[in-house]
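Hi,

Here is the structure I promised to pass on. Have a look at it first, and my notes come right after.

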Protein chains: 2
Amino acid sequence: MESVQRVRKGDVRAIAKMMSLAETGTERAREALGEIYRHTGRAHVVGLTGVPGSGKSTLVGALTGAIRETGRTVGIVAIDPSSPYSGGAILGDRIRMAGLTGDDGVFIRSMASRGALGGLAGASLDTVDILDAAGFDMILVETVGVGQDEVDIVQAAHTVVVVSAPGLGDDIQAIKAGVLEIADIHAVSKCDRADAAQTVSELNGMLTLGRPLKEGARWKPPVLPTSAETGEGIGDLLSCIDSHRRYLDESGELETRKTAMLKMRILKSAEDVLRRRLRRGGAELEELIGKIRTRALSPHGAARVLLASVFGKSPPD
Amino acid sequence: MESVQRVRKGDVRAIAKMMSLAETGTERAREALGEIYRHTGRAHVVGLTGVPGSGKSTLVGALTGAIRETGRTVGIVAIDPSSPYSGGAILGDRIRMAGLTGDDGVFIRSMASRGALGGLAGASLDTVDILDAAGFDMILVETVGVGQDEVDIVQAAHTVVVVSAPGLGDDIQAIKAGVLEIADIHAVSKCDRADAAQTVSELNGMLTLGRPLKEGARWKPPVLPTSAETGEGIGDLLSCIDSHRRYLDESGELETRKTAMLKMRILKSAEDVLRRRLRRGGAELEELIGKIRTRALSPHGAARVLLASVFGKSPPD
C-alpha cells in the first residue's frame, strides 16, 4: 500500500492522513492498519497521566526537549478531555508545547476524548502504531487520569509515569489514589514550589505503606521531583524511563505486558465492531423503546431482544 | 419477588442488597431489575457534575438538606473516581455529607468508577431504578465531569446541574468546557469567595457567546451562585431544579429526553452482555495473541477472528 510506504518514510502529511483514516473505523482503515501493524514494535511507548492541574502537559513538553537532546525522535499522542462541540483539540496546554512544533523530530497528535466514533482506546492505540511504523523512537501518550478508557490507554504503554503536583485539593487527591497503583515512575511536578517536598514525602510514605510488590517484580517505582520551569529532574526522569525499558527487556516483564496489552486491544477492537453494529438498530430500537415506556420490557430485557435480532440468537451469558 | 417487594417498602437492607445484586450483572440480577423497572418512573433524577475541585460533593450535601426541609426524600448515587484496589468507596467527600446519614429519608450509594464488572453507566442507572422503585422523591447522581461513561450517566438524568468553582487552573477549565454544554442549570460553588463573581460573569459571557438554543427549546440555563458554607443560593438552586422539572413536563421535552435515555440504556446493556461474552474467549485468545506477536495478524484482524468464532459469523460492518 503506497500510503503505508509513505508513513514508513516519515512523511508528515501521510502520517496525519493515516491517523484520520484510522479514526473512521472503516474496513479500509482496518486494512491499512493491518499493514501498518507489521512495521511496529520498535518504539518505546511511555504513558503519562495525572489529575487535572498536575502539570503533565508542561512536563511532556520538557521531557520531549530532553529526549530530542539525545538525538531520538518523539511522537506525542495527547488525549484531550475537551468536547467535539467546543472545538476538539486543546488549547493552552498544547500551545505551551509549541516551542517544539518547528522540529521535524517531533510529531504531535491531539485526540478528543469525547464523541469518538469508535472507542477511544482503540483509536489512540492505532495512532501509536502509526507513529511506531513511521519510525519515531519514543512515543509519549498523555491522558488525564480519570475514566476507564483513559486508564486503559495509559496502561497499554511500556512505561507508565504518573504525574503529581503539590497543593491540589482533597477530591483531586482522591482521584489520584486511583492511578497511583499503575505507576512505574512517579514524577512530582512544580518542585520549584516550597510545598513540593511534602508531596514527595507523602508519595514515598504511601508507597511504603502500600501493597507489597507483585511476586517476582524487581522494579520499585521511584518518586522523582521535577520542574519544567527550572529544568530540574527532567534529565533524571528520562534516565529513569530508559532504565525502566531496560528492566522490562531483561526481566521478561515486557513479554507479560505485551500479552496483556494485546488481549485488551483485541477485545476493544471486537467491542468497537459490535458497538457500531448495534447502533444501526434503527426502527427496531424505536419499537423497543416504546415497550419499555409502557413497562412491558425493562432496558435489560430490550437489550436481549436487540441482541437476538442482530446476532440471530441471544449470546449466552 | 419478595426482595423486590421489600425494596418497594423502602427496606434499607433490601435496597442495599438489591444494588449489590445488580452490580453482579448475572441473569438473576437482570430478572430482579426487570421487576424493579416496572415500579419506576416517579422520581425526579438530577445529575450533578463538575471538574475535580469544583466542590460538587459539598453542594450535594447542602442541596440534600434543602430537599429534606421540603419533606421530600433523597437517594444519592455518587460515582467515585477511586480504584477498587485502594479501597473503593470515598473518603473525605462522603464524610462531609455524614451529617445526613442518620436520616431515614436519605440513602447514599457510592460506586467506584474503575473496575466495574459490567459497564459503569448501566450499573449506575440500575441503582437509580432501585432508588426510584423504593420511593425516593428525588435522586441525585453525582459524577466527575470527565470520561465518556461519566458524562453518559449524568446525561441520563432529567435535570443536569454543572458545578463550577472560582479559581481553578487552566487545564481544569479546559475540561469544564466539555461538560458546560450539557447543563440545564449552572451552579457556581464557593460564592462566599471574592473571585466567584468573576466566574459567574465568565459563565454568563460564555453562554451568551455560545451556540444558539436548540430549535424550540425555551429553557435558558441560568447561572446560580451558591455557597454550601453560608447556605446562599441553595434554596434558589432547588427552586430552579423544580422549575426545570415543570418545564420538562409542560414542554414535552421530558418525552424526548426519556427516548434518548432509553436508547442509550438499551445499547449499553447490550454492549455489557457482548463484552462479558467476548471476555470468555480463553484459550483462543491466547492463540490470537501469539499470531499478533509474530505479526501474522493485526489486533483488528484478531478481533475479526474472535467475533467470527463467538458469533458464528463476523457481524457485517
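Below is what I found, going from the chain as a whole to helix packing and then to some single residues.

One thing before you start: this is a predicted model, and every value here is computed from it.

**Chain A overall**

Chain A has 317 residues, and 52% of them count as buried. Its secondary structure adds up to 13 helices and seven strands. If you take the contacts in chain A between residues at least 6 apart in sequence, 74% of them join residues at least 24 apart.

**Where the two chains meet: α11(A) and α13(B)**

Let me start with α13(B) by itself. This helix covers residues 299-311 of chain B, 13 residues in total. From first C-alpha to last, α13(B) reaches 18 Å, close to the 18 Å expected at 1.5 Å a residue. Its buried residues are P299(B), H300(B), G301(B), A302(B), A303(B), R304(B), L306(B), L307(B) and F311(B). Right after α13(B) comes G312(B), with a positive phi near 85 degrees.

Which helix of chain A packs with α13(B)? That would be α11(A), residues 253-278, at an angle of about 65 degrees and with the axes 8 Å apart. The crossing of the two is right-handed. On the α11(A) side, the residues in the contact are L262(A), R265(A), I266(A), S269(A), A270(A) and V273(A). They meet P299(B), H300(B), A302(B), A303(B), L306(B) and L307(B) of α13(B). By class, that contact has nine nonpolar residues, two polar and one charged. Note the overlap with the burial list: P299(B), H300(B), A302(B), A303(B), L306(B) and L307(B) are buried and also take part in the contact with α11(A).

**A helix pair inside chain B: α2(B) and α3(B)**

Helices α2(B) (residues 12-24) and α3(B) (residues 27-37) have axes that come within 7 Å and cross at roughly 125 degrees. Angles from 65 to 115 degrees count as roughly perpendicular and those over 145 as roughly antiparallel, so this pair is oblique. The crossing is left-handed. M18(B), L21(B), A22(B) and T24(B) come from α2(B), and they meet R28(B), A29(B), A32(B) and L33(B) from α3(B). Sorted by class, this contact has six nonpolar residues, one polar and one charged.

**R8(B)**

R8(B) sits in α1 of chain B, residues 2-8. Is R8(B) buried or partly exposed? It has 16 C-beta neighbours inside 10 Å, and so it counts as partly exposed. Setting aside neighbours within four places in sequence, R8(B) is in contact with H39(B), A133(B) and A134(B). P221(B) is 213 residues away from R8(B) in sequence, and the C-alpha to C-alpha distance between them is 34 Å.

**Two positive phi values to check**

Which residues other than glycine have a positive phi? Among them are R295(A), at about 65 degrees, and K190(B), near 55 degrees. R295(A) is in the loop between α12 (283-293) and α13 (299-311) of chain A. K190(B) is in a loop of chain B, between β6 (185-188) and α9 (196-209). As for their surroundings, R295(A) is partly exposed because 13 other C-beta atoms lie within 10 Å. K190(B) has 23 such atoms within 10 Å, and therefore counts as buried.

That's it from me. Over to you!

Technical notes:
Residues are numbered from 1 along each chain as its sequence is written. Chains are lettered from A and ligands numbered from 1 in the order in which they are written. This is a predicted model: local features need pLDDT of at least 70, side-chain atom pairs count only at pLDDT 80 or more; totals for chains, interfaces and linings use all residues. Axes are lines fitted to C-alpha atoms, for helices over the stretch in contact, and angles run from 0 to 180 degrees between N-to-C directions. Helices (H or I, at least four residues) and strands (E, at least two) are DSSP runs, numbered from the N terminus. Angles under 35 degrees count as roughly parallel, over 145 as roughly antiparallel, 65 to 115 as roughly perpendicular and the rest as oblique. A crossing is left-handed if the near helix is turned anticlockwise from the far one by less than a right angle, and right-handed if clockwise. Two residues are in contact if their C-beta atoms, placed from the backbone, lie within 7 Å. Ala, Val, Leu, Ile, Met, Phe, Trp, Tyr, Cys and Pro count as nonpolar, Asp, Glu, Lys and Arg as charged, and the others, Gly among them, as polar. A residue is buried if 20 or more other C-beta atoms lie within 10 Å of its own, exposed if 12 or fewer, and partly exposed in between; C-beta atoms are placed from the backbone. The expected span of a helix is 1.5 Å times one less than its number of residues.
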